[in-house]
Each structure stands twice: as C-alpha cells, then as structure tokens.
Amino acid sequence: MQTVPVDQLTSQEVVDTTRQFNYGTWRRQKNWTPLHIVDAEGCDFIDSAGKRYLDFSAQLMCVNLGHKNPAVIEAIVEQARTLPYIAPGYATTVRAELSRLLLEVLPAGLVKFFFTTSGTEANEAAIKIARMFTGKTKIIARYRSYHGSTMASIGATGDPRRWPLEPGGKGGGIVFAPEVNCYRCPIKHTYPDCNIACADYLEHMIENESDVAAVIVEPVVGTNGVLVPPSEYFPRLRQICDRHNVLLIADEVMSGWGRTGRWFAVDHWKVQPDILVTAKGITSAYVPLGLCATTARIAAYFDDNYFAHGHTYEAHPMTLAPAIATIREMQRLKLVERSSTMGDYLGSKLMALAKSHPSIGEIRGLGLFWAVDLVKNRKTKEPLNTKAEKIAGKPLVVDQVAAEMMKNGVAVQPWISHLVLAPPLIIEKQDIDVGVAVLDSALSLADRFVEA
Ligand SMILES: Cc1ncc(COP(=O)(O)O)c(C=O)c1O
C-alpha cells in the first residue's frame, strides 16, 4: 500500500484505514464503521461532514469540563515547553503542586498518591497495594461492576466483558458478591425492609472466604446502570471492613470529579475508603491520567517495605499539569455545585418521560449521572436484552435507540438494556432540553418491544 500524506486522506479513507489497521474495542470487528470526528467544542463534537452532536454522555462519561477548555489546553502546552518528561524517581514542581491540590478535593485521609495513565492501571495498583499491605490475597468485587481491562482489573469486573476470558484467562483471587441494586435486588429483598442484607452478605463472605485483602466497589456503579446505594450501605460496609481488617477500595474512575454532585461519590455518605481510585474526569480526559490514593496507614507500611510497583509513565509531567488546570477550572466554575443543581433539572425531566414511555422501567441517578433503564415489562422488570445477547453480538434495542438519537444529533452511551446519561458538567438547560427531547422521540422505538 502506498503511503499518502494524511492531509490528503478523504474521510472515507480515514474510516477504512482505521477499520483495516486498528481494533475496535469491546466488539466483534466486522461491521465496525467508526464515525470520523474532526472537532469538538464545549458540549458538542463535530463529524467530517460538519454535523454537530450534543455529547450527552461526555464521551465515556469523562469529558466533565466539556471539550477544548482553554485553561487545560494551555496547561498542556506550557508543560510541554517546560518539562515534557522526566522519570518518576525525580521530584517535579507539577507533581508537588497537584499533590497539594488533591489534598483539598479528595475525601479526608487520602494522603499518598500513585499516578497511572488509566483507571485500569490505577485499579491494578490498588489491588497490588492491598495485597502487599495486608499480606492477604482475595479481593471481593461485585457482579454489576467494571474495573478495567487488564488481568486483575478485568478479573475483578463483574460484568460480561469478563466472560470471553473465562475460565482460565483471568487473574486469580477474585470473589464476587451481590451488588447493591434496589431496582432488581439480586437476593430478592425490598428496601428498606431488607435492612441492607446485601452488605451483611458481604460480611458472611469475608468470614467464610478467609484471606480477604480488600473489597472493591464503585460507590455509584457507572456503566452497569448508575446504581445509587441507599444511605445506610456505605457506613455499614465500612464497619464490616473494619471489623475484619479488610481494606475498602472505592473505584471512582467514573463517579468522581463532580459527576454525582460531590467531588467524589463517597462524600455523599462521609465514608473514608482506604484506597480511592480515579481517572477520567481528573483531566477531563484530555490526557490519560489515573490516580491511586491511599491513607497514611498504608503509606507508612511502605516506609520499610518494598513498594513493588511502577511505570515509566508514572507521574508523567504531561499528565499532571492538565489535572491541576482541571481542578482549578472546576473550582472556578463551581462545577460540583452545578452538577447537583443541573442534575436535579435533568433528573426531573427524565422522570417526566416515564409517563409516556412504557419501556421505561426506572430512571435513577445522582448529580449529572443518570440511567434510563428499559424493560419489556414494568411488572416483571425483564430487560429488553440480556448480557449474553450483548456478548454474542446480537443487535440490541438500546443500540437502536442510541443510533436513532445520533441521527438526530445527540450522542449517548447504551449498555445492554439501559442508557447512561452523563453530560459535561458545564451543560446548560437548553442543551438538556434538546437531549431529553431527542431521547423522548427515540424511545418510541423501545416502546414497540414492550409486551402487551
Ligand atoms: C468504574 C471504572 N473503573 C475502571 C475503569 C477503567 O478505566 P480506563 O478505561 O481508564 O482504563 C472504568 C472505565 O470506564 C470505570 O468506569
């Protein structure tokens, strides 16, 4: 094949070249036709034909500041001029500044930081640190969860993205617990009469498994349905972990950075995890950065014990400078507070849709983080499609709904039988109105699958 200068490629050639030479993630490769995107600004992104799309899920629930924030771009440019790379063993001003700033916004007590270049790697670090610190092996995770794509983090992932690696391919030592899911309780209880039995069952597991190093949870489950726990759940889980000397790891890769109307989701319940993992919104996703934050107790252990972890790109200066700018922009624009108020507005508009769409089983969320859970039957809560159909590559109703919305200029993330709505935190009411109106019309597609 002849090499052609990039600026001469037609849009079709860009798409064809991408399909031919690159893997599309989490899918069968056949029929992958990625849209050619050429620009993005604020809450919109733009394709090669000039069509604008409202980014109603902030890409992968990560562009929290919206696209092309000038302060973040400037921080990247400035850092590239000052010191684009230096090995993690050296001290840098940018790392010191970010570390001090993190102390201002993270839940109290998280005081020592390991930087990565993804949420996946931050979870890998958390699992290794938990095992080294406790001298124990097992990690309890929950079924409705996603923790990343590498061996330990996909092994700890409860959702079906783990299945193609079973049975021998995933990392060992993971045990799955029931999730907290009051809409479809996995142990068939009803809140509040259940007295949070799903948390108590975790204690039963810890007692019977033995050798449990940590429990890893998404405080508000993200892709797997924006599951918000009842207020008693986290304080109970914290007590259980403390009783058994088991670490609590909060995976806030998606739920952090103002997404739920607090800096971090655990702030809603004033619970301090032993390890907090985050990524995505930490730089508004402009540059790949993840963070594994630990307590002083864990930090002290490694004073005299070997910290057996590291990367060439750990604390990479180019990843840290945009995080400082992102946090300052969030503070300047009061985006955490805004997420809460605009989230109430989005939530109430979504709830209103339930009256006219029988396919809506439940609308749930917190801050600017919402799920529209679609069902065949409101009484039985049977989903429109199953996990097995997703992995088998069957056409899913939620994908049709999302495709219809794309046609009408609104991008959302579908997953099995629900949509995750998580717009940039800068979104205005008019854009929320547009997004919800387009969803309203696309949902008639899902209504057709509702049982008579
Ligand atoms: C809760 C959670 N943890 C971990 C990850 C993995 O992060 P990354 O894709 O940056 O590796 C994700 C990604 O969506 C996530 O939502």
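## Three buried residues and the chain around them

Leaving aside neighbours within four places in sequence, T294 is in contact with G109, L110, V111, K112, I129, D274, I275 and A299. The model you are looking at is predicted, and T294 makes a good place to start reading it. This residue lies in strand β10, which covers residues 290–295. With a relative accessible area of 5%, T294 falls under the 20% cut-off and therefore counts as buried.

Next, a loop residue. L65 is found between helix α2 (58–61) and helix α3 (70–82). Is L65 buried or exposed? At 3% relative accessibility, L65 counts as buried. Its contacts, again without the neighbours within four places in sequence, are V72, S284, T326, E329, M330, L335 and I426. One of these partners, E329, is 264 residues away from L65 along the chain, yet the two C-alpha atoms are separated by 7.9 Å.

The third residue sits in a helix: E203 belongs to α7, residues 197–209. Which side chain does the side chain of E203 meet in a polar contact? The partner is the side chain of H244, at 2.7 Å. Not counting residues up to four places away in sequence, E203 touches I240, R243 and H244. So H244 appears both in the contact list of E203 and as its polar partner. E203 has a relative accessible area of 14%, and because this is under 20%, E203 is buried.

Here are the three residues side by side:

| Residue | Relative accessible area |
|---|---|
| T294 | 5% |
| L65 | 3% |
| E203 | 14% |

Now let us step back to the whole protein chain. Its secondary structure comes to 14 helices and 16 strands. Of its 452 residues, 53% count as buried. Among contacts between residues at least 6 apart in sequence, 74% join residues at least 24 apart; the pair L65 and E329, 264 residues apart, can be read alongside that figure.

How does the overall size fit a compact globule? For 452 residues, such a globule would have a radius of gyration near 22 Å, and the protein chain has 22 Å, which agrees. Along the principal axes, the C-alpha atoms fill a box of roughly 60 × 60 × 45 Å.

Finally, the surface and the charges. The accessible surface comes to about 19,900 Å², and 54% of this belongs to carbon and sulfur atoms. The protein chain carries 47 positive and 48 negative charges, and the mean positions of the two sets are 3 Å apart.

Note on methods
Residues are numbered from 1 along each chain as its sequence is written. This is a predicted model: local features need pLDDT of at least 70, side-chain atom pairs count only at pLDDT 80 or more; totals for chains, interfaces and linings use all residues. Side-chain values use heavy atoms; hydrogens and water are left out. Helices (H or I, at least four residues) and strands (E, at least two) are DSSP runs, numbered from the N terminus. The radius of gyration is taken over C-alpha atoms; the globule rule is 2.2 Å times the number of residues to the power 0.38. Buried means under 20% relative accessible area, exposed over 50%, partly exposed in between (1.4 Å probe, protein chains only). Contact means heavy atoms within 4.5 Å. Accessible areas come from the Shrake-Rupley method with a 1.4 Å probe; for residues, only the protein chains shown count as cover. Lys and Arg count as positive and Asp and Glu as negative; His and the chain ends are not counted. The place of a charge is taken as NZ of Lys, CZ of Arg, CG of Asp or CD of Glu. A polar contact is a pair of N or O atoms within 3.5 Å; within protein, one must be able to donate a hydrogen and the other to accept it, and residues adjacent in sequence count only if both atoms are side-chain atoms.
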